[in-house]
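Me: Please examine the model shown below with me. I should like to work through a few questions about it.

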Amino acid sequence: MKEETEEIKWLEEEPEETLSVNPRKFILWLFIVSILMLFASFTSAYLVRRAEGNWLEFTVPAIFGYSTVVLIVSSITMHWAYLAAKKDNFNALRIAISITFALGMLFLYMQFQGWAELVQNNVYFVGNPAGSFIYVFTGMHAFHLISGLIVLVFALRAAFKLRIHAKSLEQVQVASTYWHFLDVLWIYLYFFLLYFH
């Protein structure tokens, strides 16, 4: 009888909640993995083609180094936005996202200046594969950074509507994760190009 009572109690206990993944975060991580695979294939193709010879030697524009610093600072301001959201500091949240957006725009401008410098040094998209690869690397990263700026615009809009706060951090978490990823991706590309140019 005692065993039956314990069995009934066991059956009446509610099952433990299964761990679920937030759909937005899951989609973000799938997107990040696909971008990683894309750039891994690009860098592999770069190394294979470079080993074949007929490779144009060129200097990576110095402005790409300065733009790296800009992007690192933008990651710091994005983290500030996340910390502000956790503390319900709405003004700091809006300011931090706005500064991150402005730094992202500055980064894109500096990339454009880097491309102009490459053209002045006779490194073109069409011609030697070395030039093609640097434009593809930096151009694809710039394209993804633009998508990151769009994510920031939506986060800033949500911040002004008070939809981001200590109990609703999902949007700022997604924005900051994607932004930090783009930062790390650029640092990898920059040092890859410096070492293998």
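**A buried charge and its surroundings**

Reply: Asp 183 is buried (under 20% relative accessible area), yet it has no salt bridge (a side-chain nitrogen of Lys or Arg within 4 Å of a carboxyl oxygen of Asp or Glu). The nearest side chain of opposite charge (Lys and Arg count as positive, Asp and Glu as negative; His and the chain ends are not counted) lies 19 Å away and belongs to Lys 86. This is a predicted model, in which local features need pLDDT of at least 70, side-chain atom pairs count only at pLDDT 80 or more, and totals for chains, interfaces and linings use all residues. Residues are numbered from 1 along each chain as its sequence is written, and side-chain values use heavy atoms, with hydrogens and water left out.

Me: With which side chain does the side chain of Asp 183 make a polar contact?

Reply: Asp 183 touches Leu 71, Ile 72 and Ser 75, not counting residues up to four places away in sequence; contact means heavy atoms within 4.5 Å. A polar contact is a pair of N or O atoms within 3.5 Å; within protein, one must be able to donate a hydrogen and the other to accept it, and residues adjacent in sequence count only if both atoms are side-chain atoms. At 2.7 Å, the partner side chain is that of Ser 75.

Me: How far apart are the end C-alpha atoms of residues 177–196?

Reply: UniProt, in an unreviewed entry, lists residues 177–196 among those under "transmembrane region"; such annotations may be inferred rather than shown by experiment. The span is 100% helix and 0% strand, where helices are DSSP runs of H or I with at least four residues and strands are runs of E with at least two. Its end C-alpha atoms are separated by 28 Å.

Methods
Buried < 20%, exposed > 50% of the residue type's maximum accessible area, 1.4 Å probe, protein only.
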